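Please read these comments alongside the model. They concern one pocket and some of the strand pairing.

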Amino acid sequence: MRMYDIIKKKRDGEKLTEEEIRWFVKGYTRGDIPDYQAAALCMAIFYKGMDRNETAALTLAVRDSGDILDLGIEGVRVDKHSTGGVGDKTSLVVAPVAACCGIKVAKISGRGLGHTGGTVDKLEAIEGYRTDLTTEEFAEIVRKVGVSIIGQSADFAPADKKLYALRDVTATVDSRPLIVSSIMGKKLAANDDCIVLDVKVGSGSFMKNIKDAEALARSMVSVGKSAGKRVLALLTDMDKPLGLAVGNSLEVVEAIETLKGGGPEDFRTLCIELAASMVYLARQEEGGKNAPDMDACRAMVREVIASRKALDKLAEMVQAQGGDPRWIYEPERFPKAKYSLEVRAQEKGYIYRVDTEKYGEVSLILGAGRSTKEDRIDNTAGYILAKKTGEMALKGDLIATLYTTEKPEMLQQAADLMISATGFWKEAPEPVPLVLGTVE
Ligand code: URA
């Protein structure tokens, strides 16, 4: 087989066979196929797409490029995965909540990607928290605590690690079959019984409109089901940041507030929906004819939050992974940024829309993410929003407070970017529901 022929075939809009796809993924992972040919194929896939069979074959080839996780533990395992957004810290809440509802959560999470934040970076804002556990340590914590969140190790879906880095620098991230195979390849290698997908829609996500997001959700659900998993996807709004906090420490603190029963309403509501969906799938998987409906699952979730059991569970997980659980109970222990700047409205009006991708870039400029692999993240960097889409502001009203320790010289540029990404209008926009649909 020749890589040249595979690229040409896809460039001309033909379908690739399972054998060709597997040959490519294996060869690229081993280093036999150079980056320039893999990049050319990704671009051909970006333009010509892949059908259902090709997408499934690519996903399974990514899954099989490394180890398939076998934790050897009892109980139904459920995962939740978001396609990525701004201010999305739901994993920090839903994982301990689901564990309190009797589900095993063995979560392998990612780092920040482009303008979107990553759970692993957020957790590492807690001093001492280890995300690089061995499989044995990971299994032990899931067995004992019920929940563990770690980063992706090298022997796990290595094809995706290479392909993702390549797509990131060749403008081929936002291709449906490539996203499906990347996310579902990793999820299937993690080998959970059930998967809840949070497919983001809007200016802060990879899918900018509902039609594309729904097609992505259908494709992921279909690939997951054909691999024998129970899968459900929620389509959720990412036309504005989720919650009020963006940036690693700030987001962990907001997640802690939410586990104490507070937190911003949109964030709290989404956490309840996602955690309830995890419980719902787990109970279905357990096979009970009397499996509870979504309302009963929501009630269960609300109860473990109200009783603070889920907050204790997060502290227990943090301690098991080397972090100081006192940070969970006393979030004032998180180091504060040295510098801040208030962003104020330049005109009177309703915040009509925001460019959420640019809002993601604001936190990166302040130091909350990496622009190279070697970059050190400033965990104090980010911002707290004072106003969100739909709210009225008078000229001079506070829109957000920006924070940084490492990049004070970038504060004004970040403020200018936020202002340019915020659209005002004399009338309020139509409210958009947080959950835009479900795909099962
Ligand atoms: N998240 C992933 O892991 N992969 C993608 O391709 C997009 C989002």
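The points below take the pocket first and the strands after it.

1. The model is predicted, and the comments should be read with that in mind.

2. The second largest pocket holds about 520 Å³ of space. Its lining counts 22 residues, and those closest to the centre are Asp237, Lys240, Thr389, Pro431 and Val432. By class, the lining residues divide into eleven nonpolar, three polar and eight charged.

3. Where does the second largest pocket lie with respect to domain 2 (78–329) and domain 3 (335–425)? Both domains give residues to the lining, so the pocket lies between them. Helix H12 (265–285) and strand S8 (349–354) each supply at least two residues of that lining.

4. Strand S8 also pairs with S12, in the antiparallel sense and over four bridges. In this pairing Arg353 stands opposite Gly423 of S12.

5. In a regular strand, side chains alternate between the two faces of the sheet. Strand S12 (residues 422–425) shows such alternation: Thr422 and Phe424 point to one face and are buried, whereas Gly423 and Trp425 point to the other and are not buried.

6. A separate comment concerns an open sheet of four strands, with antiparallel pairing and the order S6-S9-S11-S7. Strand S6 (245–246) and strand S7 (339–344) are the edge strands, each pairing on one side only.

7. At the S6 edge, S6 pairs with strand S9 (residues 382–385) over two bridges, in the antiparallel sense. Ala245 stands opposite Ile384 in S9.

How values were computed
Residues are numbered from 1 along each chain as its sequence is written. This is a predicted model: local features need pLDDT of at least 70, side-chain atom pairs count only at pLDDT 80 or more; totals for chains, interfaces and linings use all residues. Side-chain values use heavy atoms; hydrogens and water are left out. On a 1 Å grid over the protein atoms alone, a cavity is a set of points where a 1.4 Å probe fits but cannot get out, and a pocket is an open set with protein on both sides within 12 Å along at least five of seven lines; lining residues have an atom within 4 Å of a point. Grid points are joined across faces, edges and corners, and a volume is the space filled by probe spheres set on the points. Ala, Val, Leu, Ile, Met, Phe, Trp, Tyr, Cys and Pro count as nonpolar, Asp, Glu, Lys and Arg as charged, and the others, Gly among them, as polar. Domain bounds come from an automatic or database domain assignment. Buried means under 20% relative accessible area, exposed over 50%, partly exposed in between (1.4 Å probe, protein chains only). Two strands pair if DSSP finds at least two bridges between them.
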